[in-house]
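Got a structure on screen and wondering where all the labels come from? Let's go through them one at a time, setting each against its definition.

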Amino acid sequence: MSLVGHKTPPIFKRGLTPVTRLSVFVAICLVLLVADLRFRYLEVVRNALSVVTYPLQMAAAKPADFVRNASRYFATLVEVQLENAELRRDHLTTGERLLRFELLEKENAQLRELLGMSQRIDVKSVAADILYNAPDPFARKVILDRGAQQGVEAGLAVIDAKGVVGQVTRVHPVQSEVTLLTDRNQSIPVSVLRNGVRGVLFGTGRGRLEMRFVLADADIREGDRLVTSGLDGIFVPGLPVADVTMVDRSSDAFARIDCEPLADIDTSVQVLVIGRTAYPPPPPAPDQER
Amino acid sequence: MQPTNRSSRILLPVKLWFVYLSLIVALGLEYIPTGRTPGIPDWVALVLAIWCVREPQRIGMGAGFVLGLLVDVGQGAAMGQHALAYVVLAYLANGAARRVMWFPLLQQALHFLPLFVLTQALMLAVRLLAGAEFPGWSYFLSSLSSTALWAPLSMLLLLPQYQPVDRDDNRPI
């Protein structure tokens, strides 16, 4: 079979037969897929190709920008006034808490110095807007309007006013891609605020979170607040993440713990990209001769 | 070449730059951030399939592969996901070109509904194997809207070939 359905006469050579070419292309695609999904080898290729696609993407984002700005323009005056009043109230209460926080921070630093403990880590942050949901329908990701030029790095945590939203997974020059906590391949190390029990929180892909690998007799109750533990060396410790909504201890070894994210993961617009200024030293290599 | 094989109208030969331009415009449409809205047509697959039927000698698996990679990069999808789907689509469209040209545009569209569904099913299979979540059945609405756009878009893309070089009312071109 030739390209258009007839056997090729030998005087009109068109190179490889379609089936051969199909097999070659499919083989290349499969290699690419494995290299990307399994080993993440292709970030270099991706960055190189994105130089080509970037102008087109910028042009294509214009209509979306226009719709966003237009809807903002037509927000009524009353709405804005109400929101302003609410923000002023919020500002007052948070301002008062911030005053006390500064005092406590100083006190904490002094006490730590007295005890000879290392200081708490420094934190850097970048404010960003969520532009739109990433078009890939198989993952829960959003695009931020800040990128490498503004100091965003892969791995930083993204939070809104209530808690952790997700983690930066890919950085472009002026944009970055955030994987939301609810994505199935996203996980975050947490600890229970009440007693410090540690665990890892996984997205389920249905808007919920699940804490896995916690023993059935661990001290976790419904209503417990989960915060980042910072043990991964990437997240800033102490950021609120989720509330426990259901604990099921009927299975054998591990409890089934359902959690509800605190942040407005699907609706928040303004977020803060937050991360450590210095990373802890890498863990010692595991002993080879065991 | 005729609009369809049964038509007596003879078209001008296609300009290759117009083919590439239309593919690039389709790529731009594909990049418009529509989020998780279901039923957005797959512009690149649609335009690629149209040219695979119209110009099977020039547009085929190679074009599908390159466009697929560009869509993968632009959408942040897995590298090779769209490329694989578009290569298979181009192969099948090239193979169907001779037969499909005997049908009017609406029936051509019907021929391509299963191909678009297959394209999407391939991408779904690749991502599900890699452990992604199932996006819901509304994901396949995109095939339906692509199919619905087949006839209007085909006519639009053929418009330049309807223009005669110099006007003569007694000539079929």
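Q: What makes strands 6, 7, 8, 11, 10 and 9 of chain A a barrel?
A: In this predicted model, 6 strands of chain A close up in the order 6-7-8-11-10-9, with antiparallel pairing. From one strand to the next, the twist averages 40°; angles like this run from 0 to 180 degrees between N-to-C directions, with axes being lines fitted to C-alpha atoms (for helices, over the stretch in contact). The strands themselves are DSSP runs of E with at least two residues, while helices are runs of H or I with at least four, and both are numbered from the N terminus.

Q: How do you know that strand 7 and strand 8 of chain A pair?
A: Two strands pair if DSSP finds at least two bridges between them. Strand 7 (residues 198-203) and strand 8 of chain A have 4 bridges, in the antiparallel sense, so they pass the test. One of the partners to look for is A:R212 in strand 8, bridged to A:V200. The hairpin of these two strands has 5 residues between them, and there A:G205 takes a positive phi near 85°.

Q: Which strand pairs with strand 8 of chain A over 3 bridges?
A: That's strand 11 (residues 256-261) of chain A, again antiparallel. Here A:L209 stands opposite A:C259. Strand 8 (residues 209-212) also has two faces: A:L209 and A:M211 are on the covered one, A:E210 and A:R212 on the uncovered one.

Q: How do you know that strands 9 and 10 of chain A pair?
A: Count the bridges: strand 9 (residues 225-228) and strand 10 (residues 240-248) of chain A have 3, in the antiparallel sense. A:R225 faces A:D243 of strand 10.

Q: Why is A:F213 called exposed?
A: A residue is exposed if 12 or fewer other C-beta atoms lie within 10 Å of its own, buried if there are 20 or more, and partly exposed in between, with C-beta atoms placed from the backbone. A:F213 has 11 such atoms within 10 Å, so it is exposed. You'll find A:F213 in the loop between strand 8 and strand 9 of chain A. It has a positive phi of about 60°, although it is not a glycine.

Q: Why does A:A255 count as partly exposed?
A: A:A255 has 19 C-beta neighbours inside 10 Å, so it counts as partly exposed. This residue sits in the loop between strand 10 and strand 11 of chain A. Setting aside residues up to four places away in sequence, A:A255 touches A:V214, A:A216, A:A218, A:I220, A:V247, A:D248 and A:R249; a contact takes C-beta atoms within 7 Å of each other, again placed from the backbone. A:A255 and A:A218 are 37 residues apart in sequence, but 8.1 Å apart in space, C-alpha to C-alpha.

Q: Which strands of chain A close into a barrel in the order 1-2-5-4-3-12?
A: Just those 6 strands, in that order, with antiparallel pairing. The twist averages 45° from one strand to the next. Strand 1 and strand 2 (residues 141-144) of chain A are joined by 3 bridges and run antiparallel, and A:N133 stands opposite A:V142 of strand 2.

Q: How many residues of chain A are in contact with chain B?
A: 41 residues of chain A are in contact with 40 residues of chain B. On the chain A side, helix 1 (18-37), helix 2 (43-73) and strand 1 (123-133) each supply at least two residues. Helix 2 gives the most, with 13 residues.

Q: What makes a set of residues a nonpolar core?
A: The members must be buried Ala, Val, Leu, Ile, Met, Phe, Trp, Tyr or Cys residues, joined through C-beta atoms within 7 Å. The largest such core here has 53 residues, and B:L48, B:A49, B:Y86, B:V87 and B:A90 have the most contacts inside it. Helix 4 of chain B gives this core its largest share, 13 residues.

Q: How are the residues, chains and local features set out?
A: Residues are numbered from 1 along each chain as its sequence is written, and chains are lettered from A and ligands numbered from 1 in the order in which they are written. As this is a predicted model, local features need pLDDT of at least 70 and side-chain atom pairs count only at pLDDT 80 or more, while totals for chains, interfaces and linings use all residues.

How values were computed: Contact = placed C-beta atoms within 7 Å.
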